[in-house]
Every structure is written in C-alpha cells, then in structure tokens.
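Trainee: Hey, I'm new to this one. Can you walk me through a few spots?
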Amino acid sequence: MEEQLVRLLTETQSAQETARKNAEWQLKQQHSNPDFPIALVSVGAHSNVPVAIRQAALLYLKTFVLASWSTQFDEFTGPLYADEGKKAQIRQSLLDLAVSGHDERKIKSAASLVVSKIATVDFPDQWPDLLPTVLNVVGTGTTSQLHGALKVLNELVDDCFNDEQFFKVARDLVKVVFDVAANESQKPILRALAVSVFRACLDTLEVVLEHHKTEVKRFAEEALAVWIPFFISTMKSPLPSAPPNDDASRDAEAAEHYRGWVTFKLQVVKVMVRVRSVFPSVLSPHSPTLFSATWQELTMLQPQHHQMYIEDDRQGRLVDADGLPYTLDFLVIEELDFMQACLRAPPVRKELEQQLQSHQTVSASWMTDMMKLAVSYAQITVEDEGLWEIDVNVFLSEEVNVTANYTPRTACGDLVIKLGEWLNAATVEGLLAHTRTLYSENAGWKAKEAALYLLNQLLGDFQDVEKKIGADAANGYVDFIQHAMQEEAVFLRARGYLVAGSLTRTSGEALQPVAASFMQASLQAITNDSSEIVKVSCIRALQYYLAALPPSMTLSQQTVVITTLSNFLSGRDFSDLEDSDDLLITIVETLRDTILLDTASCLSSGGIDMLFTMASRGASNFQIALLVTETFEEIAGTIAAAGSTQYAELAARVLPSLMGAFDVATLTEENALANLAAELLSVLAANGSTPMPKAFVSTVMPRLNRLLLGSTDDELLKSATAAVKHMVNHDPDQVFGFQDEAGKGGLEIVLIIIDRLLNPAVDENGAAEVGGLAAEVVEKAGSDRLGPYLMQLLRAVAARLATATQAQFIQSLILVFARLSLISAQEVVGFLADVQVENRSGLEVVLGKWLENSITFVGYEDIRQNIVALSKLYDLDDPRINDIQVKGDLIVRRSDRIMTRSRAKQNPDQYTVVSARLKIIKLLVEELLSASGNHNLDPTAAADFDDEDDDDDDGDSWEDEDGFLDLSTGMTKSQLMSYGAEDNNVGSRGRDDETQTYLLSFFRQASQKPGFMETFNSLTPEEQEKLRTMSDA
C-alpha cells in the first residue's frame, strides 16, 4: 500500500490537472481503509522516499485526522476512525518520528503538527504519557532529538492545554525550556525554539490571567526573575559577523551559526515585547537596562545592516522551516519596536529627560544620537530602490502608508513619531542638528534622503494632530530642501519636493515667502523632470500647497494645475495605467483639491472633463470611484446653489459623458463603469433645479429604463432608481410628460420600473430605493393621475414589505405609507384594513413591520417624517390600530452562563406583547431622547465597567502615551470603556431641535387628552422617567 501512496502523493503534485485530481480522488477513497493512516505514517518515516513526498504524506495525514479522527474537530466529515489499537500505534509512531534524532527538520515539523492536532482531542485522557515523554526528551535527549521535541512542545502549549493542565506542568515546563535556552553549548537555533516555547507559555498565561490573576502573577514573577537576567545577558552578547554573501554556500556551518544567532536574539526580543504587554510591572524596573542594551545592539548592528541591505542586495524577510524569522532585517525591526516600547516606560523617560536637561543644547544630547541611529536604518535598501524604479505605484503605496510591508525604514519613522509626541521641540531640533551634520560632512544621498524622510513622517503626524513646527526649525530646513531638489539622485530629489510641500503645510505662515516658488518648482518638475518618481512626488506635493496656501496664491494657479495634470496624463498610454491604481488615486486626489478651490470654474478650466476621464479609467477601483463621486457631489451642490442657469450648464456639460459611459459599459459589459455613471447621474439629479433643464429627462430616461428593467446588478439598480426618484421629485411634469419611442408615457414607464423592483426576484439591496421612488410618484402624481393604479401600487408595496428583511429596504417601503399618513392618515389606515396580505390584514402586516423597525431608521428627514406620521396614527385613536398586538419590550433573561451562538439559537429573544398604539408612544419617547442628542453611555453601564476588579497595577508602571494604541500590547481599561461608550452609541445621532420641538409639543397636547394617564402608566419606569425629564427640560 505504501508504494501506491507514494505514487498517488507524487501525482498530487503534478502540473497536469487530470492526473492531480484523479490522485486526490483515489486518496479520498482510502479514508475508509483502517490501514490508510498507518501507511501514511510509514511513508512519512521512510528515509528512502523523497523528503517532499514524506512531508506530503504527513500533511495529508493531518487532513485525514481532522476529517475522521474525532467528532470534536470542526472539520470532521467522517467516517469516524474508531480503531483504538491502531490509533495508539499511530500516536506512538508520530511521536517517535517527531522526536527522532536523525531526520529532516521539515519532516519533524510536519510530524509535530499532526501530533498537536491529535493531542487537542486525545490529550491527556487517551494519551497520558505524551507530555512526560516530550519533557523528558527536552531535558535529557540528544541535540538531534531536541528540535522535534521542542516543536511538539510548542504545538502542545499553543493548542492543547486547558487552564488546569497548564498549571499542573507550568513550572516543570518553563524550567526545562529555560535550561535549553540558557545552555550556551546548545545550537542557537535550538535555544531560539526554547525561547519560542516560553513565549507560547506567556500567551497561555494571558488567556487565563483574567480568571486566575493572583496565581498567574505570582508564577510570572517567579519565572521572570530567572528569565529577565537571561534576556539582558543575551541582548548584551554580540552577534557574530555575517559571512560574506558569496561565502555562504561554501561555509554552510558559519552561515547556519549566524542565522541561528539572529533567530535566537529575535525570539528573545519578541518575548520581551510579550512580557511588556502581559506583565509590564515586572519588566518596568529593568527597562533602562534593556533600553540601553537594545540601543547598543542596534548601534553595533548598523554596519552589518548597511552593508547587507543598503549597499548590497542581500535577501531579507526570510523564515525557516519552523516559521522562525532568521534574517537581520527582521531582528532590526523587532529591536526598533522594542526600543519604541521602552520609550513609554516611566523609568526610561525619567532618565532620558534628566539627561536632556543636563545638556545645554539638544545637538549635544542623546536625542541627536537617536536621530543618527534612526537615519542609518531608514535609508532606502537596494531592493526597494529597484522595485520603486520599476513600479512607481509601489513607491506611492509606501509613501502614503497603505502597504503592509513593514521595514526598518517604516519602524524608524514610527520611532521618530513617538519621540515627537513625547518631546516635540527636542525631536525636531535633534533631527535638524543631525541633518546639518550630514550636509556638512557631504554624506551620501541615501543618508540625506533618510533624514528628510523621517522629517516627512514627523510632519505627517503633526498634521494629523494639528501641531505646527516652529518657524526657526522650518526655515532651517529650507536650504536643505532647495539643495535636495537640485540633486542628481532621483529619490533625494523626489524627497525634496515632498518635504517642501509637507513643511509648508505644517509651518503656518513661516514659509510663505518661499512657498509660492516651491509650488512653481513642483509644477515645472511635473512637466520637465526626467524621472517618473519625481513627477508623481510633485503631484502629491501639490495637495499640500493647495491645502496650506491662501486662496490669493492658489486660485490663480487652478487652471495651470489642471492643465499640468492633464498634460501628464496625455503623455501616457491608458492601457499602461490599468494596474496603476496608486498613481491614479494620487492624481484624482490632487485634481479634487484643485477643483474644490473654485468649483464653478471647473466647467471652463477642463477640470470636470479630466475628472470624468479619470472616472472612466478607474471605475473598478473603489477608492477612485469614491473620490470621483465625492468630488462631483461638491461640484454639483455648489453649482446648483448658484442658480438654475449654472446647473443647466453643468448638466449640458456632463450628460453626454454619462450617457456615453452607459453605452460603452453596455458594449464592453463593464459593470463598474455603468455603476459609477449611474451613481454620478444620481448625484446630478439629486441636486437638480426645479424645473430641471429642458430635455434632461428625455436624454437620460431611455437608458435608465433599459438598465432598470434589464440589469441584475444591485448597486446599478440602486443608483439608477435614485436618479429617477430625484427627477420625479424635482420635475414630475417633465418625467410624466416624457414618451418613449413606443409612445409609452413617463408615468407608465415609472410604474413598470416600480413593479419590477417590487418583485421578490429582485434582491432587496438592489431594490433599496424603490420605496422612495414609489412615495415620490404617489405624492407627485396623486390619485387623479394614478387612478386605479394607486391601490395596486400600495397593495404591492404592502405585500413586498411582508417578506422584507433588510433594514434599508424595509425603511424605504415603510416611508411610502409614512409620507401618505402625513397627508391623510385615516385613509391609509382604511386602505390597509381592507387589504389582505398573506391571509392577514394589511394593517396588521404593515404596522407590525413599521413599529418593529422604526427604531432603526436613519437619515434626519426620514426619521422626522416617520415620527410625525406615527404621531398622526396615534392621534386617530382608531380601534383598528388599538386592536393590533405587536412586539413590546425585550424580556431580559437572567443567567450566569455565557450566551454562545448555539444557545442563542436554542433560546431566541422573547418580547412582551403590547397594543400598536402603546408601541407608538414607546417609540416616540425613545425618539424624544434621541432627538435631544442625549444618547451617551448609561452612567450605570459606565460604573459597571469601572467596577471591574482593579487590583492589578501593571498598567500604572509602564504607561502608554495618550491616544496610543498598540494592537500587540493589549488595551487599557480607559480604552475599553471608550469602546463600550461607542458601542452604546451605535446608530445614535446628533441633536435635532426641530424634531425635539415637535415631540415636546405632541406630548404636551397628548397629556391633556382623556386616557393618556392610562397609557403613561403602561410605560416602563425608565420610559416614564425619560418622559418626565424631557418634558421638564
């Protein structure tokens, strides 16, 4: 059987799809064979089989285990492998393979993974000797056995221990891995694995900390008393010299030793970061020593890093077969991040502040030395230099921080930002002092660029928190910027233009004398510079000038900027820009800022034409489409506000482009283009004049009708429906007076559209706007024009509402009846009472949905109309409404058990049952509170947050800076409280004086009417108190 499995496993790696799928099918047929998993283990252990096939056998065994070993696995599909004798044989064989002393690391790692999966369900009951065996091998086994044993132990700690099991073995486990980690005679890679196991122990301790705080803290303090001196000693141990790149293959042992030490030190730093997160008070007293050791190590590693990555193109970001990083760049990143964490430790801050005060100038202090270190690691690597020259989009993604590529360069940027948040002026002064040194010593272009890059990062943070850089410092950089703009090195030249814009934006009026010349230099470089990198940097820099400079300086440049951007684009083949989303986004952002200087002039300056060109090229990119839409909203809004003549000019300018986009999208089946065109048309119609320009409806209606009757795209249907709705709202006569080629009138066309959208075959998301359209038609056409179609329309809306589930769609349909109720509530009630929907009264169906979903309505105008409509229904005092029973208040179950999803399904929420009229009052009381804007966190709930056990002082001994959130270090109680407050405010809105005034008047009048006291007494005590409080306001 083993030979057959080797053949099948080999074929699963075939490039031929037929052979591969056939082999996978045959393997799956073997699942019912009781000898199948034993044979897989045998293949995995056979030294004569290629390593790749052995590894594949063990990984396939893992799949089999998850599918058939135990019903406890989420992936279990059966049949259940129930032979306990063979299970025991498999367990032992796998463990022997994992801790064997003579096999490949890949094989041991794969075997360890399968052992851990089995252990999650079999340990300790069916496999009681697993952990003692592994610990024994770790403590007494040979060096060759140690690797597999540590891998198994790591997997066990990660996946298999519950609280009780972990505490039983925690001391022995931590001691045995410490003995390996601290043993200088062991290979550094094995010591690294031992440290990694200890880090997994810390993860487990964090999980159980909440329920066993005292015991966990005591154990952690005891263990870390031994580990922390070891960490310090390791940090102070020098890293071996890196073997030359060309000697790595010839001297494999030296290369392996070096990689092992990098991995070992990196794991130590990772553990210190973890300790800082979980037990900060234990690490805090040692923070000055650790900070000093980390700084010293980074200083010593700098020449190695510079040679390997800044001068040579040594490969970085590599991990070994065990998933452990082993390249120097990873170590540098971890140490820079740990140094940043140490800067938030009070003992470190206190000492650094004292040192800073003892120096007369910042230039002679540790701050300048820190800037020197940051600049050395922030230099552009050879790898990045090559990537950026090939693809400007990669450069832009790094520049705007939208990349997941975290490098020493970005880590240094974060370090300088944190220093700037703590010591604002000193950080700027220290960076400026080191920049002066670099220029006086005529340092290389990479160092100069790195200094300006760090300044750019610092200025970006200043902008985010609305800080300003001092005038002296800003002017101190002017010469360096001007020098950079003239440099031959492309990236330094580009950085000069970027920093010029950023510095202008964050220096107030300090650079006003030179800002105009800086902006002109950027405009000229977009046209004349030979480098694409420089050109796009200048396009981005223009955004800073347009935001910072006064209109007197920027308005005169609006046409120049648009022309420059247009010329930049015209020189490129748009087919080359298909994968250039970052570049297109940068251009659209700059164009947006330019147009918004004066939206009226964009019609003559070419701005609107270029915006639509960008829209046609970037429609498939969500960010570009959003930028274009938001920009057009501003254009349409401001131009429409100027008058109907200006609006007509805008419509005449853009409608041909929009209609053309629909036609192109139809031919090319490009849904994204049609969607964006429909969204822009909806924006244009929403801002329409009354009446709308002549021929507006006849121009757009044929295409909208075709789309709305034929498309199945939800977003397209939604936008196109909204466009028709806005046209009916602004100019119903033009819509209803329209006739298509077949002579069909506009009203009939709209009714057919509504009928199609109300069909359950159309998704609720696509039909989300149909209620608004129906409401506009009913209001604007009236019963005279609609005739018998009115009742058919309302009956169709009620029937669709009965099955609706999505909140936005439900709101849309309810508003049809709400808006009619504003005009004649009695007729609405009468009509619904006479209609049957799913063998129920239409009034019961509609009111049930209405009152259940009313609290989730969004949009000020919709909420206001809904409230007024409900109040009018209440004022009818109609017995048909009073007799309808609806959901009242949620019945809160009292239980100490955690409510899982399965329990929630078994015990669905239950509600009281109240009359529809009482429910209306309950909703209006709630809306009265919402309209006041007083929807903050309940003081009782806040107190509940604060009453949590607070005897842990860890957070006080190592403070985070205000507003700092490190996702790897947990969260403080104040952050959790703020999240609680935010969660409580989901769906809340700001103060709405008009609605509140209406409701207060309504309740005052209602309270004077007979029977209200009985209704008031039926409210909950909380609702009664809310009503008293707001009525007295």
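Mentor: Sure, a term to begin with: helices (H or I, at least four residues) and strands (E, at least two) are DSSP runs, numbered from the N terminus. This is a predicted model, where local features need pLDDT of at least 70, side-chain atom pairs count only at pLDDT 80 or more, and totals for chains, interfaces and linings use all residues. Residues are numbered from 1 along each chain as its sequence is written, and side-chain values use heavy atoms, with hydrogens and water left out.

Trainee: Okay. Where does Arg-317 lie?

Mentor: Arg-317 is in the loop between helix H14 (287-311) and helix H15 (328-342). Its phi is near 55 degrees, a positive value, and Arg-317 isn't a glycine.

Trainee: What do most residues other than glycine have for phi?

Mentor: Most of them have a negative phi.

Trainee: Is Arg-317 buried or exposed?

Mentor: In between: Arg-317 counts as partly exposed, at 34% relative accessibility. Buried means under 20% relative accessible area, exposed means over 50%, and partly exposed is what falls in between (1.4 Å probe, protein chains only).

Trainee: And what's the phi of Asn-839?

Mentor: About 60 degrees, so a positive phi again in a residue that is not a glycine. Asn-839 lies in the loop between strand E1 (836-837) and strand E2 (840-841), and at 77% relative accessibility it counts as exposed.

Trainee: Switching topic: which residues does the cis peptide bond with omega near 0 degrees join?

Mentor: Phe-123 and Pro-124. Pro-124 sits in the loop between helix H6 (105-122) and helix H7 (130-140). Another cis peptide bond joins Thr-690 and Pro-691, with omega about -5 degrees. Pro-691 is in the loop between helix H35 (671-686) and helix H36 (696-710). Most peptide bonds are trans.

Trainee: How many residues of H6 are buried?

Mentor: 13 of its 18, so H6 is largely enclosed by the rest of the structure. From first C-alpha to last, H6 reaches 25 Å, close to the 26 Å expected. That expected span is 1.5 Å times one less than the number of residues.

Trainee: Where's Thr-504?

Mentor: In helix H25 (residues 490-506). Thr-504 is buried, with a relative accessible area of 3%.

Trainee: What does Thr-504 touch?

Mentor: Leaving out residues up to four places away in sequence, it touches Leu-511, Ala-515, Phe-518, Tyr-545, Ala-548 and Leu-549. Contact here means heavy atoms within 4.5 Å. The Thr-504 side chain also reaches the backbone oxygen of Ala-500 at 2.7 Å.

Trainee: Now Thr-912: which strand is that in?

Mentor: Strand E4 (residues 910-915). Thr-912 is partly exposed, at 31% relative accessibility. Setting aside neighbours within four places in sequence, Thr-912 is in contact with Val-886, Lys-887, Gly-888, Asp-889 and Ile-891. A polar atom of its side chain lies 2.8 Å from the backbone nitrogen of Asp-889.

Trainee: How far apart are Thr-912 and Asp-576 in space?

Mentor: 63 Å, C-alpha to C-alpha, and they're 336 residues apart in sequence.

Trainee: Last thing: how many disulfides does a search of the whole structure find?

Mentor: It finds 0. A disulfide is a pair of cysteine sulfur atoms within 2.5 Å.

Trainee: Why no bond for Cys-160?

Mentor: Because the closest cysteine sulfur, in Cys-201, is 13 Å from the sulfur of Cys-160, too far for a bond. Cys-160 counts as buried, at 8% relative accessibility. Cys-538 counts as buried too, at 0%.

How values were computed. A polar contact is a pair of N or O atoms within 3.5 Å; within protein, one must be able to donate a hydrogen and the other to accept it, and residues adjacent in sequence count only if both atoms are side-chain atoms.
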